[in-house]
Amino acid sequence: VEVPIAISNSRVSQVFQNPQWPPAWPYKDANFRRQDENDDGKFYDSPRFVAHIDDGAIGAIRDFYAAHFAKAPQGEYSALDL
């Protein structure tokens, strides 16, 4: 995928060109435990309308989608934005 707004020579843009994986899995089960083990249902009982990223990130995502939707054949491109 070509992203015209990307910085092509940045480490982030090139991270998958020659990946360097550690020789062994670096994490323990404890690294994936939640801080709060209470039932998630209680948390999601009330709706929360928040932005989880800042305005700059929202703009970057908007520009990324705009560039790709503009090139896609009509009706043949969709995105799931979670």
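F16 counts as exposed, at 67% relative accessibility; here exposed means over 50% relative accessible area, buried means under 20%, and partly exposed is in between (1.4 Å probe, protein chains only). F16 lies in the segment before helix 1 (40-43). Together with V15 and W21, F16 makes a nonpolar surface patch of about 430 Å². Patches of this kind take residues with over 30% relative accessible area and no salt bridge, and join nonpolar side chains (Val, Leu, Ile, Met, Phe, Trp, Tyr) within 5 Å, or like charges within 9 Å.

This is a predicted model, in which local features need pLDDT of at least 70 and side-chain atom pairs count only at pLDDT 80 or more, while totals for chains, interfaces and linings use all residues. Residues are numbered from 1 along each chain as its sequence is written, and side-chain values use heavy atoms, with hydrogens and water left out.

As for the whole chain, the protein has two helices and zero strands, taken as DSSP runs numbered from the N terminus (helices: H or I, at least four residues; strands: E, at least two). Just 5% of the 82 residues are buried. The chain exposes about 8,400 Å², and carbon and sulfur atoms supply 54% of that; the areas come from the Shrake-Rupley method with a 1.4 Å probe, and for residues only the protein chains shown count as cover.

Now to the rings. The structure holds six aromatic pairs. In one of them, the ring centres of W25 and Y27 are 5.2 Å apart with planes at 70°, so the pair is edge-to-face. W25 is exposed at 63%, whereas Y27 is partly exposed at 46%. The rings of F64 and Y65, with centres 6.1 Å apart and planes at 55°, make a tilted pair. Rings of Phe, Tyr and Trp (its six-membered ring) pair if their centres lie within 6.5 Å; planes under 30 degrees apart are stacked, over 60 edge-to-face, and the rest tilted. W25, Y27 and F32 also form one aromatic cluster.

Then there are the charges. Two salt bridges are counted, each a side-chain nitrogen of Lys or Arg within 4 Å of a carboxyl oxygen of Asp or Glu. R34 meets E37 at 3.7 Å, N to O, and D40 bridges to R34 with the closest N and O atoms 2.8 Å apart. R34, E37 and D40 are thus linked in a network of salt bridges. R34 is partly exposed at 37%, and E37 is exposed at 53%.
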